[in-house]
Each structure stands twice: as structure tokens, then as C-alpha cells.
Amino acid sequence: MRIPFLFAFVLLTAASSFAAEKEKHVLLLGIDGCRFDAVQKAKTPNLDRLVAGGIYSPSALILGDRYRKNDTISGPGWGSINTGVWADKHNVQGNEFKEPRFDKYPHFFHYVKQAYPDAKTVSIVDWDPIAKYIVSDADVSLSTKEEGGDVVASYAKGDEKSTAEAIRLIQELQPKAMMLYLGQVDETGHAHGFHPSVPQYVAAIETVDGLVGQVLDAINKRTDEEWLIVVTSDHGGEGRGHGGGHDNPNILHSFLIVSGEGAQKGKFDTQVYIVDAVPTLLTYLGVKLDDAWQLDGHAVGLK
């Protein structure tokens, strides 16, 4: 009589383990024009908890070794971040998007949908070109920037709207993959300067950190889900700009945070790049990377 009892116990234990396994979700969080030394100067409890809950690099590079001809501005940066390939492939060399090749090197949602056709994907930005040119295979793609008036204020309002929409859609749609872009830090840098000694720039980072905290609180309420959050920026800055920064470490250095239960802990001891974001997110979701995709990045920081 003991064998059936033991067999039933094993079945119940296995069933309990299976039921306890949480569904995986990912968030790519982009903070435009954000220098990590300014993050360290600012009061950022929410970015700090992401760092504490994962692995980070304060010096992720926005250009690779193979190709360095594109300008060090948003178009090429966000093209590379969202696709996992450098600008010689996606062909966004500046902010004009003249002949992009996102049909051949698509937004990472494309690969999520290939692996999980029923998965929901959401992109929320307030820099319009991302929504217009880069995003594909999104169930929801929103651009929230308000036109007119002071540009810094309009991006601040756009970031607030983006955050509110992200929270709503996390609750209502339960997206498998989400991209959230916040733009006011970059615009503040252009208006006042990209440097940790600039109070307006530091204040913008602190404001964005508060918005990040609201999103993290919404995610933490999803107790039956396990999220991996990757945070990065498209470039740093020097003075009030960041173009032509090919030899300027203050512009070339972004940062990369990989945070969540599936992430390693600590600080990267090898060089990482902004193109590593997409392979990391896809690998965490269980999407098998295909050499035919010609990704330039690699999965980093996962257990």
C-alpha cells in the first residue's frame, strides 16, 4: 500500500512545483540621454533597487568595434537598442530615418511574436520616430508627447502620460514584452547641460526615477508573474549636446541594468553594449536566438 501513496505524493509535489512556476515577462526601459554618473549623483531609490536586484554596467558602449560611423544621437541609438544590431545593419545613421532596414532587422517584438503568437506586446514612447519607424509587431504602440510649448515641459508631460499608460496596460493587457521610453532627461540636458553638476539635469533624472518607481510598483503587484527589467540609454552627453561623440567617453558610455529574479547580481566585469539588451530579453523569455537574425548583441547577466 505504500507504493501508491508514494506515487501520489510525487505527483502532488510535481504538480505543486509546476503550478508555482511563474510566467515570464520583460520590460525594456529606455531613459534617453542619461549619464550614469549623474544617476549616481541624483537621489534615485528606484533605479537603485533595480541595480541591487540585478547586475549592472556604468559604461555600456553605444558603438561597437565593427562599425562606428553613425552619429551618436537618438535614431541610431534606439534603432540598435530595439533590434540588437548596429547601424550598418539597420541603416539609421542619424535622426532622418532615410532608408531604414527594419524589415530585415526588426524590432524585438517580431521575435517574441514568432515564439509566442498569442503574446501581447506594448511600446510606449514620447519620441515619435520610435513609434513611426522602429516599432513593429506591437499590439499597442503609443506616442504620448504633447506638441507645442516648452519642449522640456512637453516631454515631462509625455513621460507622465507614458507611465500612466504603462501601468494601465500592465494591469489590463498583461504584456509579455513591453518597451517604455522616457525622454525628459535628454531634453533637459539639451536645455541646461549633460552633467552631474547641472541641477536641472539631476532633477530630471530624479523625476524620471519617481516614474520608474510607479511602474515597478505595478509590476510587483503581479505576484503570479516574473519580470526581467533591462534599463539603458542611447547615449550620454557633453555640454548641451551629444552629436559627433565618437571619441568622447561621456557620450559613448551608456549604462546597462539587468534586474529581476532571473538576473545575476553585482557588476559586469566584461564590456557590454546597448545591443545586448534584446538578446538578453529574448533569451530570458525562452526565445531561441537564430544565427540567421544576425544579431550583434549577446545575452548578458542572466543566471
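# A tour from the sheet to the pocket

Select the open sheet of 8 strands: its order is β4-β3-β5-β1-β6-β7-β2-β8, and the pairing is mixed. Here, strands are DSSP runs of E, at least two residues long; helices are runs of H or I, at least four long; both are numbered from the N terminus. Two strands pair if DSSP finds at least two bridges between them. Strands of a sheet pair through backbone hydrogen bonds, either parallel or antiparallel.

This is a predicted model: local features need pLDDT of at least 70, side-chain atom pairs count only at pLDDT 80 or more, and totals for chains, interfaces and linings use all residues. Residues are numbered from 1 along each chain as its sequence is written, and side-chain values use heavy atoms, leaving out hydrogens and water.

**Stop 1: the sheet.** Colour β4 (140-143) and β8 (266-267). These are the edge strands, each pairing on one side only. Next, pick β1 (residues 23-31) and β5 (residues 177-182). They pair in the parallel sense over 6 bridges. Click L28: its bridge partner in β5 is M179.

**Stop 2: helices on the sheet.** Show α10. This helix lies across β1, β5 and β6, and runs at about 175° to β1. Then add α12 (residues 277-284), which packs on the sheet and touches β1, β6 and β7 (253-259). The direction of α12 makes about 175° with that of β6. Contact means heavy atoms within 4.5 Å. Axes are lines fitted to C-alpha atoms, for helices over the stretch in contact, and angles run from 0 to 180 degrees between N-to-C directions.

**Stop 3: the largest pocket.** Select I219, N220, W227, G260 and E261. Of the 17 lining residues, these lie nearest the pocket's centre. The space is about 380 Å³ (the volume filled by probe spheres set on grid points, joined across faces, edges and corners). On a 1 Å grid over the protein atoms alone, a pocket is an open set of points with protein on both sides within 12 Å along at least five of seven lines; a cavity is a set where a 1.4 Å probe fits but cannot get out; lining residues have an atom within 4 Å of a point.

Which strand gives the largest share of the pocket lining? It is β6, with 4 residues.

**Stop 4: the cavity.** The structure holds 1 cavity of 30 Å³ or more. Select I62, N70, D71, P76 and G77, the closest to its centre among 13 lining residues. The largest cavity has a volume of about 60 Å³. Helix α4 (residues 74-83) gives the most to this lining, with 3 residues.
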